Amino acid sequence: MLQTLIFHQKIVADAALDQLQANLPGIIAEVLRVPGGNMALLEAEQISLHFIEASPRDVAKNLHVLIYAGLNEPRQRDKAIRAGKIKEEIVSLIGADCTVDVRIYLQQIGAAQESTAPQDDSE
């Protein structure tokens, strides 16, 4: 799963957050899809969204989107352009009333996998 954290100020309307929930996984999957194996060929179902209301003390944009994705050369080469495309799509979805910041963090990812094999408890 590709993790996305969405920090939002209280002023961001519920309707805008609903639009993000419905459409952001597809947008991210499309913009970050590159050649290079399972971690590169993304589908919307692989994008996990986490919505977090910001503290009134936070000094940031109204909507701050942090995307944690697997590191590969094509993404590394143009990650700022990809972040810009995602930001454009978000603004077209929710309107220009909110300030938006999008960050893409590329990293080597290690994840625990669920086992589908039956457990042998005979030992």
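Which residue in strand 3 is the bridge partner of I6? Keep that question in mind; the tour reaches it at the second stop. The model in your viewer is predicted, and residues are numbered from 1 along the chain.

**Stop 1: the whole chain**

Start with a cartoon view of everything. You should find three helices and four strands. Following the sequence from its start, the elements come in the pattern β-α-β-β-α-α-β. The protein has 123 residues, and 37% of them count as buried. Switch on a surface if you like: about 8,000 Å² is exposed, and carbon and sulfur atoms supply 50% of that area. Among contacts with a separation of 6 or more, 80% are between residues 24 or more positions apart.

**Stop 2: the sheet**

Now select the four strands. They form an open sheet in the order 2-1-3-4, with mixed pairing. Strand 2 and strand 4 are the edge strands, each pairing on one side only. On average, neighbouring strands of this sheet are turned by 15° against each other, direction ignored. As general background, strands of a sheet pair through backbone hydrogen bonds, either parallel or antiparallel.

Colour strand 1 (2-8) to make it stand out. Strand 1 pairs with strand 2 in the parallel sense, over seven bridges. With strand 3, strand 1 pairs in the antiparallel sense, over six bridges.

Here is the opening question settled: in strand 3, the bridge partner of I6 is V65. Select T4 as well, and look to I67, its bridge partner in strand 3. For the pairing with strand 2, pick Q3, whose bridge partner there is S48.

Next, show the side chains of strand 1 and watch them alternate. L2, T4, I6 and H8 point to one face and are buried. Q3, L5 and F7 point to the other face and are not buried.

**Stop 3: the helices on the sheet**

Bring back helix 1 (14-32). Helix 1 packs on the sheet and touches strand 1, strand 2, strand 3 and strand 4. The direction of helix 1 makes about 140° with that of strand 2. Then add helix 3 (79-94). Helix 3 also packs on the sheet, touching strand 3 and strand 4, and its direction makes about 145° with that of strand 4.

**Stop 4: the core**

In soluble globular proteins, nonpolar side chains tend to be buried together. In this model, the largest nonpolar core has 28 residues. Select L24, L63, I67, I86 and I90, which have the most contacts inside the core. Strand 1, helix 1, strand 2 (47-53), strand 3, helix 3 and strand 4 (100-107) each give two or more residues to this core. Helix 1 gives the most, with nine residues.

Centre the view on I86. Leaving aside neighbours within four places in sequence, I86 is in contact with L24, I27, I28, V31, I67, V102 and I104.

**Stop 5: L32 and F51**

Is L32 buried or exposed? Select L32 in helix 1 and look: with a relative accessible area of 0%, L32 is buried. The C-alpha atom of L32 is separated by 8.7 Å from that of K79, although the two residues are 47 residues apart along the chain.

For a contrast, go to F51 in strand 2. F51 is partly exposed, because its relative accessible area is 33% and partly exposed covers the range between 20% and 50%. F51 touches I6, H8, L17, L20 and Q21, not counting residues up to four places away in sequence. Of these partners, try H8: F51 and H8 are 43 residues apart in sequence and 7.5 Å apart in space, C-alpha to C-alpha.

**Stop 6: two polar contacts**

Select H64 in strand 3 (residues 63-70). Which side chain does the side chain of H64 join through a polar contact of 2.8 Å? Show D101, and you have found the partner. Beyond residues up to four places away in sequence, H64 touches L5, I6, F7, D101 and R103.

Finish at N72, in the loop between strand 3 and helix 2 (73-77). N72 counts as buried because its relative accessibility is 16%, and buried means under 20%. Its side chain reaches the backbone nitrogen of R75 at 3.2 Å.

Technical notes
Predicted model: local features only at pLDDT ≥ 70, side-chain atom pairs only at ≥ 80, totals over all residues. Heavy atoms only, no water. Polar contact = N/O pair within 3.5 Å; in protein donor to acceptor, adjacent residues only side chain to side chain. Contact = heavy atoms within 4.5 Å. Buried < 20%, exposed > 50% of the residue type's maximum accessible area, 1.4 Å probe, protein only. Areas by Shrake-Rupley, 256 points an atom, 1.4 Å probe, with all protein chains shown as cover. Core = buried A, V, L, I, M, F, W, Y, C linked by side-chain atoms within 4.5 Å. Pairing = 2+ DSSP bridges. Axes fitted to C-alpha atoms, helices over the stretch in contact; angles between N-to-C directions.
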